[in-house]
Structure formats: C-alpha cells, structure tokens
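Got your viewer open? Here is a short walk through the model, one selection at a time.

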Amino acid sequence: MPLDPRLTPARADLAAAHLRGHVEAERFVEGVAYQVSAGVASVRAAPLGDAMQETQLLFGETFAVYDEKDGWGWGQAARDDYVGFVDMEALSAPPIAPTHRVCALRTYVFSGPNIKSAPRFLLSLNADVTVEHDDGKLAQIARGGFVPSRHLRPIGQHASDWVAQAELFAHAPYQWGGKESLGLDCSGLIQSAMHAAGLACPRDSDMQEHDLGKPIALDAPLLQRGDLVFWKGHVGVMVDAQNLLHANAIHMAVAREPLAQTVERLTPLVGPIRAIKRLP
C-alpha cells in the first residue's frame with residue numbers, strides 16, 4: 001500500500017532516517033525537534049508565505065525539522081504526523097515538556113503578571129504550555145508570558161464531552177487548514193474537539209472517515225449526538241438527532257443547522273452522504 005505523502009516525510013532528494021528501506025531518496029537524515037513558540041504556525045504546501053495552508057500547529061506543539069532553507073523548515077508534526085513547511089521564526093529549540101494545556105476556547109498571553117499588562121498573543125484550545133509559576137490567578141509560562149490559571153488544565157486531564165468542545169467553536173470563521181479558535185475548517189473542528197477530550201484523531205476528513213468509529217446505515221432512523229457525517233471532502237458532527245455542527249464554506253463559519261438542510265445543499269455540489277460513523 002503506498003505511503004500517504006501527507007504523513008510521510010519523504011521527497012526525492014531527502015527523507016527521514018526512519019524511512020530508510022521504505023522509500024527511495026538521495027539521502028536520509030535525522031530530524032531536529034523544535035517547538036512552536038508563536039500563538040499559531042501555518043504548515044504550508046511550499047516554502048512561501050502565501051502558499052496554501054495545509055494545517056496549523058498550536059503553541060507548544062513539537063515539529064521535527066528534516067530540512068531548513070531560506071528561513072523555512074520542512075518536517076513533520078508530532079501530534080498528527082502532518083508534513084509540510086513551517087516558518088522557522090515560529091519555532092524554538094529545544095522543546096520543553098508541557099505541564100498544562102489550554103482548556104478555554106482562547107486566552108491571552110499577557111506580558112506581565114497583571115491582566116492590565118499588554119497582551120502578546122492569543123492561545124487557542126489545545127495549545128500546550130509549560131507553567132513555571134502559578135499564583136492561582138495567572139500562570140507564568142515558558143517562552144510566553146502570563147496566562148489566566150483557570151484557562152489551563154494539567155496535561156493528562158481532558159474534557160468529558162468532545163461534542164461540547166466542538167460547540168465552543170460555534171460561529172468561528174471558516175479557514176482552510178485552520179484548527180485555531182480564530183478560524184478552522186471542517187476536519188480541523190473535529191480534530192480539535194476530539195483532542196480536547198483526549199481522543200486521537202487524524203487531520204483530514206478522508207482520514208477521519210477511514211479511522212474513526214463504526215459505520216452505521218445511511219438510512220438509520222435515528223442519529224445520535226456525536227455521530228460523524230461524511231461527504232466527499234467534508235465532515236460534520238451531529239449535536240442531536242436532527243442537527244449538524246460543521247465548519248463550512250457556505251456560511252464561512254462553524255454553523256449548526258438541520259442535517260436535512262445540509263444534505264439538500266451539499267448533494268448537488270459534492271454528492272450524497274458517503275458514510276455515517278458512530279464512536280464507541
């Protein structure tokens with residue numbers, strides 16, 4: 001079975017050392033581990049600032065760089081194995097083990113230990129941070145500043161309802177390749193919500209259709225909260241028996257609407273529903 005290029009750090013001229021014997025390349029190299037020290041970093045299809053955004057990395061995520069040239073690092077994300085180009089200015093080394101994860105939809109990183117301090121940047125749900133000091137109100141984080149303590153939870157603690165995490169993103173703008181609170185796409189919504197609940201989830205909708213849950217009949221008389229509905233290139237989650245939540249390019253936002261209405265609109269554009277998957 002051919003390797004998925006989205007998840008395989010291999011090019012004709014260079015590949016990750018662990019792929020030796022599995023792919024052909026002129027040379028094989030060990031990756032250098034970096035950590036995102038910007039609020040968010042785009043993973044792009046090419047080493048250009050206006051190249052298509054494939055996905056995003058949030059603050060604290062680690063990224064293995066296999067090639068660095070002209071200020072761009074080509075490598076692979078640790079959280080979901082996605083491969084692409086990242087601006088090296090958004091990365092720092094070496095990685096610092098995170099202690100906490102952002103549990104609010106978004107939060108400011110302040111420059112000083114006071115909420116009246118100038119904000120440096122925003123962190124989105126699922127950003128990983130390393131707390132160096134916490135007075136119970138503001139936590140000082142490595143390579144950042146000060147974050148409201150109540151917006152963090154210890155690594156290993158997770159939300160109990162992943163669909164409720166998806167609902168936090170209601171009305172967020174649609175952004176191709178996005179997975180931040182300021183904009184995300186359909187599969188980014190599902191991945192972000194599931195990660196907040198401690199559930200493994202691949203990045204793209206076709207991967208999610210393949211990997212997640214058990215298929216149920218397309219004509220099932222009653223859908224459940226948490227059922228995933230897949231079209232070609234699109235995914236949404238049922239919030240109850242009738243209504244779907246999805247990031248979409250019609251509303252250009254994360255919207256809740258009757259599934260029947262979505263089906264009526266999407267069928268002429270991308271075809272009928274391809275699968276409905278139910279998680280355990």
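**Start at the second pocket**

Select Met1, Pro2, Asp4, Leu7, Pro202, Met207, His210 and Asp211: these residues line the second largest pocket. This is a predicted model, so keep that in mind as you click around. The pocket has a volume of about 200 Å³. Colour its lining by class and you get five nonpolar residues, one polar and two charged.

**On to the largest pocket**

Next, pick Tyr174, Trp176, Cys186, Gly233 and His234, which are the closest to the centre of the largest pocket among the 23 residues that line it. The volume here is about 390 Å³. Which elements each supply at least two residues of this lining? Show H2, helix H3 (205-211), strand E23 (243-248) and helix H4 (259-270) to see them. By class, the lining has ten nonpolar, seven polar and six charged residues.

**The enclosed spaces**

Now for the cavities: the structure holds two of 30 Å³ or more. For the largest, select Gln35, Val36, Phe59, Gly60, Ile96, Pro98, Asp128, Val129, Thr130, Ala142 and Arg143. Strand E3 (32-36) and strand E13 (128-129) are the elements that give two or more residues to this lining. About 70 Å³ of space lies inside, and the lining residues divide into six nonpolar, three polar and two charged.

The second largest cavity has a volume of about 30 Å³. Leu58, Arg79, Asn126, Lys179, Gln191, Ser192 and His195 line it. Helix H2 (residues 186-196) provides the largest share, three residues. This lining divides into one nonpolar, four polar and two charged residues.

**Rings worth a click**

Keep Phe59 from the largest cavity's lining selected, and turn to the aromatic pairs, of which the structure holds three. Add Phe121: the ring centres of Phe59 and Phe121 are 5.8 Å apart and the planes are at 35 degrees, so this pair is tilted. Phe59 sits in the loop between strand E5 (53-58) and strand E6 (62-69), while Phe121 belongs to strand E12 (residues 119-124), so the pair ties together parts that are 62 residues apart in sequence. Are the two partners buried or exposed? Phe59 is buried, with a relative accessible area of 3%, whereas Phe121 is partly exposed at 22%.

Another tilted pair is Tyr108 with Phe110, at 6.0 Å centre to centre and 45 degrees between the planes. Tyr108 counts as partly exposed, at 42% relative accessibility, and Phe110 counts as buried, at 9%.

**Along the strands**

Go back to E3 and show E6 beside it: the two pair in the antiparallel sense over four bridges. Gln35, which you met in the lining of the largest cavity, has Thr62 of E6 as its bridge partner.

From E6, step across to strand E7 (residues 72-77), which pairs with E6 in the antiparallel sense over six bridges. What stands opposite Asp67 in E7? That residue is Trp74. Zoom in on the Trp74 ring and you will find Arg11 lying over its face, at 4.4 Å from the ring centre.

Finish at the turn of the E6 and E7 hairpin, where two residues lie between the strands. Select Asp70 there, and check its backbone: it takes a positive phi near 55 degrees.

Note on methods: Residues numbered from 1 in each chain as written. Predicted model: local features only at pLDDT ≥ 70, side-chain atom pairs only at ≥ 80, totals over all residues. Heavy atoms only, no water. 1 Å grid on protein atoms, 1.4 Å probe; cavity = no way out; pocket = protein on both sides within 12 Å on 5 of 7 lines; lining within 4 Å. Points joined across faces, edges and corners; volume = space filled by probe spheres on them. Nonpolar A, V, L, I, M, F, W, Y, C, P; charged D, E, K, R; others polar. Phe/Tyr/Trp six-rings, centres within 6.5 Å; stacked < 30°, edge-to-face > 60°. Buried < 20%, exposed > 50% of the residue type's maximum accessible area, 1.4 Å probe, protein only. Lys NZ or Arg CZ within 6 Å of the ring centre and 35° of its normal. Pairing = 2+ DSSP bridges.
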